[in-house]
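Thanks for coming, everyone. Let me put the model up, and then we'll walk through it piece by piece.

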Amino acid sequence: MTILQQAFSPDAFRQNAHNLVDLLADYLESAQNQTITSVIPYQEPDESLAFWQADYEQGAGNVEDFFKKTIEKSTHLHHPRYMGHQVTPPLPITAVASMLSGLLNNGMAVYEMGLVSNPLERILSELLAKKIGFDENSSGLLTSGGTLANLTALLAARAAKTDVWEEGTSEKLAVMVSEEAHYCIDRAARIMGIGSEGIIKVPTNEKLQIRTDLLEKYYNEATEKGFRVICIVGSACSTSTGSYDDLAEIGHFAHKHQIWFHVDGAHGGAVIFSEKYKHKVNGIAQANSVVIDWHKMLMTPALATALIFKRDEDAFKTFQQKAQYLWANQHSKDWFNSGKRTFECTKLMMSLKIYSILKAHGEQIFTENVEYLHGLAEKFANLVKARQNFELAIEPESNIVCFRAAPPAPIRGALTQNDLNSAIRKQILQEGNFYIVQTTLKENVYLRVSLMNPLTTETDLNALLDEIERIGNQISGK
């Protein structure tokens with residue numbers, strides 16, 4: 001039997017899969033029980049590269065050993081003290097579904113290659129559309145991440161408001177967005193040829209929400225400069241602080257000027273599953289398009305992002321073109337041929353992973369996750385405020401909390417408060433007992449946590465604050 005034939009052996013697959021499931025189950029148990037003490041086994045990039053180069057030079061061999069090393073060397077999102085970036089610890093059932101989709105490897109551009117995933121994608125899109133408040137004329141799709149989804153939404157806005165797709169243009173187009181919006185909006189606009197001057201960044205208020213009282217001013221200034229504003233983007237929520245823009249006011253503004261209203265709800269849009277918190281996105285149903293990441297607050301492996309359109313026809317205008325070997329009629333609105341509506345042709349069976357959650361646990365699990373993590377952020381903010389050596393940036397509106405060490409006494413030497421917090425974050429990263437990140441707000445450095453793990457408790461949060469105080473005292477010489 002050749003190597004190629006052996007590689008497809010069902011028996012070998014069965015053995016490898018069983019071994020991997022055992023490894024992952026052990027990892028889950030040790031992460032959840034915190035017998036793995038390191039949340040992030042940080043190495044410098046060159047050191048990590050050297051390790052894997054040495055592994056590669058050993059040649060083919062024990063794949064189980066490779067799996068073990070991968071687990072050991074990776075960031076452990078399932079550890080309750082992972083509080084870093086906005087990436088969820090996926091539900092275990094989705095790992096099983098990932099194995100299923102990985103082996104079947106069915107694409108989705110045309111129905112024949114997505115016999116299961118295309119219908120499931122439609123069901124999931126209709127679920128989100130209903131939660132948003134759209135009617136039966138809405139439509140949606142899944143794509144690989146919020147960056148691509150937001151780009152697709154802006155392309156849809158351009159297709160709805162111009163003839164650029166067919167005719168090109170020398171017209172100066174513009175997009176309005178909060179100065180706190182995710183950087184991918186800026187990137188998408190540049191990719192579209194809009195350029196930096198056409199990205200109209202509106203200042204934010206003390207809560208870091210877009211100042212809706214300035215929308216008319218910035219719109220008029222852009223118009224006077226010869227720009228044609230085609231779209232305004234609302235953040236739900238912003239990446240740095242988790243602040244929700246006033247979507248209702250933005251919606252009124254967009255309707256008045258007949259421009260496209262897009263909501264980047266990649267992270268915070270998940271509150272549509274919660275009666276308790278969905279008021280944070282009041283006005284979202286006025287949007288022409290909405291992005292929501294399943295891989296953030298909805299416990300699905302990355303990448304899996306929904307883009308939902310209020311009007312079905314807008315989903316098809318964006319990439320309308322001929323591809324005779326895929327479909328006979330470029331103009332027909334076939335929900336089952338997803339390649340007509342996405343930048344991607346071959347696309348992962350991401351709907352399988354999301355649908356597996358609904359089959360295993362039901363829709364209520366999304367509600368519970370959103371409400372627990374938002375509530376945990378509120379508790380953490382109170383813990384921060386109760387300690388005299390800490391300062392809260394703003395009251396959290398989501399599961400993101402920005403705060404910093406703020407000791408009252410002078411800091412040793414020429415060390416500034418910004419330097420102190422940056423140094424604290426660096427040492428936390430190197431020690432690996434917690435994983436948090438940092439951000440800069442109004443030129444001040446803040447420590448930042450995204451509470452993504454529903455197994456994180458107040459005990460973990462108090463331990464984090466103790467750790468920061470210990471390191472801060474060490475650095476400042478107390």
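Start with one pair of strands. β5, residues 260–264, and β6, residues 289–293, run parallel and share three bridges. Look at the end of β5: D264 sits opposite V291 in β6. Keep in mind that this is a predicted model.

Now zoom out to the sheet around that pair. It is open, it has seven strands, and the order reads β1-β7-β6-β5-β4-β2-β3. The pairing is mixed. Which strands stand at the edges? They are β1, 139–143, and β3, 199–202. Each has a single partner strand, so one side of each is left without a neighbour in the sheet. On average, neighbouring strands here are turned by 20 degrees against each other, direction ignored.

Next, helix α13. This one covers residues 350–361, twelve residues in total. From first C-alpha to last, α13 reaches 17 Å, close to the 16 Å expected at 1.5 Å a residue. Its buried residues are M350, S351, L352, K353, I354, S356 and I357. What covers them? The list includes two strands of the sheet we just saw, β1 and β7. It also includes the helices α5, α6 and α14. Right after α13 comes G362, with a positive phi near 85 degrees.

A quick stop at A315. This residue is in helix α12, 312–317. Buried or exposed? Its relative accessibility is 0%, so A315 counts as buried. Its C-alpha is 8.8 Å from that of A153, and the two are 162 residues apart along the chain.

On to the second sheet. Four strands, open, in the order β8-β9-β11-β10, with antiparallel pairing. The edge strands are β8, 390–392, and β10, 437–441, and each pairs on one side only. From one strand to the next, the twist averages 40 degrees. Within this sheet, β9 and β11 pair over four bridges. One bridge joins C402 to R448 in β11.

Two helices to point out here. α14 packs on the sheet and touches β8, β9 and β11, with its direction at about 135 degrees to that of β8. α16, residues 458–476, lies across β8, β9 and β11 as well, running at about 30 degrees to β9.

Last item: the largest pocket. Its volume is about 860 Å³. The lining counts 23 residues, and L24, Y27, H78, P90 and A95 lie nearest the centre. Helices α2, α4 and α5 each supply at least two lining residues. You have met α5 already, among the elements covering α13.

That's my tour. Questions, please.

Notes: Residues are numbered from 1 along each chain as its sequence is written. This is a predicted model: local features need pLDDT of at least 70, side-chain atom pairs count only at pLDDT 80 or more; totals for chains, interfaces and linings use all residues. Side-chain values use heavy atoms; hydrogens and water are left out. Two strands pair if DSSP finds at least two bridges between them. Axes are lines fitted to C-alpha atoms, for helices over the stretch in contact, and angles run from 0 to 180 degrees between N-to-C directions. The expected span of a helix is 1.5 Å times one less than its number of residues. Buried means under 20% relative accessible area, exposed over 50%, partly exposed in between (1.4 Å probe, protein chains only). Contact means heavy atoms within 4.5 Å. On a 1 Å grid over the protein atoms alone, a cavity is a set of points where a 1.4 Å probe fits but cannot get out, and a pocket is an open set with protein on both sides within 12 Å along at least five of seven lines; lining residues have an atom within 4 Å of a point. Grid points are joined across faces, edges and corners, and a volume is the space filled by probe spheres set on the points.
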